[in-house]
Number of protein chains: 2
Amino acid sequence: MSVDKTVTPIGVREGRVRVVIESVEPSVDGGRFAVKRVAGDTVVVEADCFADGHDVVACQLLWRREGAKAWDIEPMLALGNDRWRASFRVDSIGAWQYTVRAWVDPFLSWRHDFERRIDLDDVRVAALTGAKLIEQAAARAAASEESTLLLAWSRELVKVVKADAALEAIKRLGLDEARGLVAARHPDLSYAQTDPVIYPLTVERERARFSSWYEFFPRSAAGDGKRHGTFADCEDWLPYVQRMGFDVLYFPPIHPIGRQRRKGKNNTLEPTADDVGSPWAVGTTEGGHDAILNELGTLADFQRLLKRAGEHGIEVALDIAFQCAPDHPWVTEHPEWFKKRADGSIQYAENPPKKYQDIYPLDFESGQWPEMWLGLVGVFEYWAEQGVRIFRVDNPHTKAFPFWEWAIARLRKTWPDLIFLSEAFTRPRVMHRLAKVGFSQSYTYFSWRNTKQELTEYFTELSQGPGREYFRPNAWPNTPDILPQALQYGGRPTFMARVALAATLAANFGLYGPAYELLDHRALREGGEEYLDSEKFQLRAWDRERGDSLADFIATLNTVRHENAALQNDAGLHFLDIDNDELIAYAKVTPDLSNIVVCVVNLDSHNVQSGWLQLDLSALGMEPLQSYQMYDAISGAHFLWHGERNFVSLDPHRSPVHVMQMRRHPKREQDFDYFV
Amino acid sequence: MSVDKTVTPIGVREGRVRVVIESVEPSVDGGRFAVKRVAGDTVVVEADCFADGHDVVACQLLWRREGAKAWDIEPMLALGNDRWRASFRVDSIGAWQYTVRAWVDPFLSWRHDFERRIDLDDVRVAALTGAKLIEQAAARAAASEESTLLLAWSRELVKVVKADAALEAIKRLGLDEARGLVAARHPDLSYAQTDPVIYPLTVERERARFSSWYEFFPRSAAGDGKRHGTFADCEDWLPYVQRMGFDVLYFPPIHPIGRQRRKGKNNTLEPTADDVGSPWAVGTTEGGHDAILNELGTLADFQRLLKRAGEHGIEVALDIAFQCAPDHPWVTEHPEWFKKRADGSIQYAENPPKKYQDIYPLDFESGQWPEMWLGLVGVFEYWAEQGVRIFRVDNPHTKAFPFWEWAIARLRKTWPDLIFLSEAFTRPRVMHRLAKVGFSQSYTYFSWRNTKQELTEYFTELSQGPGREYFRPNAWPNTPDILPQALQYGGRPTFMARVALAATLAANFGLYGPAYELLDHRALREGGEEYLDSEKFQLRAWDRERGDSLADFIATLNTVRHENAALQNDAGLHFLDIDNDELIAYAKVTPDLSNIVVCVVNLDSHNVQSGWLQLDLSALGMEPLQSYQMYDAISGAHFLWHGERNFVSLDPHRSPVHVMQMRRHPKREQDFDYFV
């Protein structure tokens, strides 16, 4: 058979790149979207790297801030079965990137074989091969000290072979560990492969991962339900909110409220003259998304509130609802941003047969979409310029995904510390897509997950499913739109259990107060989830000093959250076996197991429930028969537990919840109170 | 806030494409590699397609033969939760492609809302909107009959509105189903999205999915262990191989065998003058990979054998082992295809401290890799030109992956009916990569999976893991290199059990005979897996008429395989609960459940084992208390089973295996023999 030497294989540029890189993790949709982390995190990256044959493969993790020219580099370590791992620390917020490089390493392959050679002739021949490889490494090390060292080593190796040294002497020299490491630092990358995918990574500030939200209607801040609240009134609430341990104070839209087709109390269609309307019906002739409702105060008042909130360790989050009341300025200034009906009128929101004639949705298929996108992003820009850094976005799933991807990326270029919460209560794929295109946090189905099985399945999916790399749940037991059936009928034990579940299952949680802590459970209609006399349509009076308020209980929950790193992260959640379906139990742990919190919640609001809780002590780095202390931050009790099975009993009328910090290696048992 | 109309958003070409396509399945590494199917298969494709808001999304599956200009198109049907499905039939072998297109459909969205409208005014306005949309569909339908129909419909709709028709009449006309379907056939694709990934699909002939291999050393075909076998002698074996039901007859390399450093019997280093050497030491001065060993016959003899084999329904598969004996012509003609040692000699194969001085490996980092690749692919081309269509490739994992990807694609352009079996017994990622780059079938770890747990885990992974789309297992209970410990000590029951497991767990299986059917269990060394007096190094005498031969048992297995479509596919495997760890039970089913085979194997070669087998009858489309017949093709027995739990007992000394065809809806019970 003759080979035609004039022909070269078509379509293969370099056939000698033998190494393969597969399955780089973490990655979202093969690198199409960014993985999310927060500043200070260690990003652990794994990949499959291998080649044909028995040669030794080496690989590196490459990472950089987006826009940086050079990569930082870290060698990856073999985990076995062709899996490799390395990590890097992200010390600042913004856009980062990483990828993986691998190659078949001639020097390491030589070294691996040389170590195993037992025949003098072979060792002599191989030593000369090694000397050559070391000389090449010296050349790659340029004119450095390492180059000099390697060159000397190479020559020495040739010399001992020529001097007929003994096998052991040649091998000892060739396998010199220190110099071997120097040679390995200057690998031959001629046939290296770099994963063509540059994996994007969004690094946010810590609050994106760990936050406690308090939603509050400024209109009710005066407290008596009669006078319209102002930003100045809101300042009086700051110590209260701080005392409960919240760090985000979120306001429904603060803009002028449409007058045309304004809704009355309890969502009626006939408002009275003094009805305040829904804050989500944004805009009137006085202004739109960049204006402030007169009754609340001025921009200066708002800025003073931001400042005072900051002094209380609280950030103010605004609600951005991209929809317009019929009298919003955009309706006349930009009629082309809205759909027209066949009769020429602007299309109001509808989901036939339901009509929402007080709301005009924006048309994301408008011919003037570029102008509209700039107008919309301008709203965020305006409020970011006023100092707002957290936005809760209303119904983002009714606006086009490409807009969000573009807008969030654009805004983060100027304000990398912006946090966006997606309020999309819709189908799973849609919610996940919004998280992928950039939202920092997402509302969840938590409000409707009540049973042990529902909660276990859902939070296992959230903490361990593919979404864990980009979907940060923010769990709410209630919102102004959602008074779940469980809260309508479950009484105080259910209010306690639900907020405790939210605060411990999710690193980000929030609630709509003071309705929550004051146990507001009255629904507008049997079977519905709307609040009676909802603040969405009217002012409310709230007596925050009421004796039955859950404010102290909530404060305790937030204190535990702040004191336990395990509760500040959605990873590290493990559900525990407990032999009672009305009791749910789970552990949250930090990766290094330095902080372990065990929660047990009684889901039955009527009866005492008891059971035996099973812990996998060896997985927690403990002995199976070890004793340890469990400190319940809710009751203040200290339990001394022993071994893997321990008894738990919760009376819902006292407290339906244990949030227990595991304390290992107690020094002296007599130091503790026992309540077993 | 003013919007600067001169600025347009940067980096977004068309912001109105609101639809999203995600998670297209099947796909291998996001479309980097081809999914595998065989001609006649129905390819089921699913994708997540969705958009913002409540508009109706529509999507299509697009497919074509590679190189075709136009796509075939099939609408995808919604499965719920934004998942869509469609399928197409691949009626010919070769390279195919598919992708998904989706869009927000204005006409379907309009129709969805129109159906729900209850207000006359709304219906009138909406009817006019619909008329406009239908008119646009008519324009897209060009000057067809459908265009005329749609135009007329549109006008009629305007007319009834103008004529003040009743709500019901307007709605009935607007919702006309037949004309609606016509309109939907001409969708507005202005803002459609087509997945930028074109998913490749390799369609092979059926034998790639379903084949029975018999490996045979032609050198022993004479039968007496003294005279060297010839291709003419091999012809005499064809009826025997056919009777056992095999359709692939695979020969170790048939090329001239190196004389330099030839190995003697039992792999010794000192051959006698009449030692025949290893067929895998390819090449001598008489010729290399495109030559035939003189002792076997001529090319004409080989071609006659191919023809005669074909007449027996048997294809001959050749073994391509890309390595050279020291006297292979390539060593002198192309010394640059081999690595040199530091002393200038050519590097023999080694895995220090082991040396294989009779073998020179090729250097895939050779500077002349293009010429070498052409030389290697030329070997396949040469034998394909002689009529060979199945190649078993020896140790493909010691040759570069890019070579295989290029070579297999190139060869399939000329011979799309080529089948390649990868003989890579190595780490999982490496084996999978070879399957991804194009090998039709792969050897497996089956030979070393013995226990119920091992077999269950491994075949669950093979049939349901991600590899199911590209990795076709070919299960072998033995090979000339592998006489597993189980066969060395398990006796006849183990020989029966292991071949039955291979033949029923895997659609592709093979064995090395006559060593297998003649129960050769003598190992060269205690603890090793090499055969004593291996045919790899010497001729053997085989008495195929021996009374204890398993030939009839194997013939029965192959008959069952041919009669039951469920056994011809690796999908549709489900392990069944049986309350005895020495019994393994599994069902194989066709997708339409028209063929159901239940296998039970006694893994204990010494004792009778019994147990209760659990079937999920409702999953098989049956009633929980139904009676049905199980026909055991091995024993010929008919069992009448009842309900979900039935008793099974297997005596290894009679038959350690049931391979039972489930026969439902028996007409008259008295037609059956009962052996319960």
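Which backbone nitrogen does a side-chain oxygen of D105(B) reach at the start of α1(B)? It's the one of F107(B), and the oxygen gets to within 3.0 Å of it. That contact, like everything in the views below, comes from a predicted model.

**View 1. Helix α1 of chain B and what sits over it.** This close-up follows α1(B), residues 106–116. D105(B) sends a side-chain oxygen to the backbone nitrogen of F107(B) at the start of the helix. F107(B) is also one of the buried residues here, along with S109(B), W110(B), R111(B) and F114(B). Look around them for the cover: α2 (120–140), α3 (145–162), α4 (167–174) and α5 (177–184) of chain B are included in it.

**View 2. A four-stranded open sheet in chain B, with a helix from chain A packed on it.** Reading across the sheet, the strands run in the order β1-β3-β7-β6, with antiparallel pairing. The edges are β1 and β6 (77–80) of chain B, each with pairing on one side only. From one strand to the next the twist averages 35°. In the middle of the view, β3 (42–50) and β7 (83–89) of chain B are held in antiparallel register by seven bridges. To pick out one of them, find V43(B), whose bridge partner in β7(B) is F88(B). The visitor from the other chain is helix α11 (428–437) of chain A, which packs on the sheet and touches β1, β3 and β7 of chain B. The direction of α11 makes about 65° with that of β3(B).

**View 3. Two cis peptide bonds, one in each chain.** Most peptide bonds are trans. In chain A, though, P352(A) and P353(A) are joined by a cis bond, with omega at about 5°. P353(A) sits in the loop between β15 (349–351) and β16 (354–356) of chain A. Over in chain B, the bond from E25(B) to P26(B) is cis too, and its omega is near 0°. Here the loop is the one between β1 (20–25) and β2 (35–38) of chain B, and P26(B) is part of it.

**View 4. Two residues of chain A with a positive phi.** Most residues other than glycine have a negative phi. N267(A) isn't a glycine, yet its phi is positive at about 65°. You'll find N267(A) in the loop between β12 (248–251) and α7 (299–311) of chain A. L519(A) isn't a glycine either, and it has a positive phi of about 60°. L519(A) belongs to the loop between β22 (508–512) and α14 (551–563) of chain A. Buried or partly exposed: which is N267(A)? With a relative accessible area of 37%, N267(A) is partly exposed, whereas L519(A), at 13%, counts as buried.

**View 5. Chains A and B around their rotation axis.** Chain B lands on chain A after a rotation of 180° with 0.1 Å of shift along the axis, and the RMSD is 0.1 Å. The two copies are therefore related as by a two-fold rotation axis. To find the axis from chain B, start at G30(B), the residue of that chain that comes closest to it, with its C-alpha at 3.7 Å. As for the contact itself, 100% of the interface residues of chain B are also interface residues in chain A, so the copies meet through the same surface.

Technical notes. Residues numbered from 1 in each chain as written. Chains lettered and ligands numbered in written order. Predicted model: local features only at pLDDT ≥ 70, side-chain atom pairs only at ≥ 80, totals over all residues. Heavy atoms only, no water. Buried < 20%, exposed > 50% of the residue type's maximum accessible area, 1.4 Å probe, protein only. Pairing = 2+ DSSP bridges. Axes fitted to C-alpha atoms, helices over the stretch in contact; angles between N-to-C directions. Contact = heavy atoms within 4.5 Å. Polar contact = N/O pair within 3.5 Å; in protein donor to acceptor, adjacent residues only side chain to side chain. Least-squares fit on C-alpha atoms with pLDDT ≥ 70 in both.
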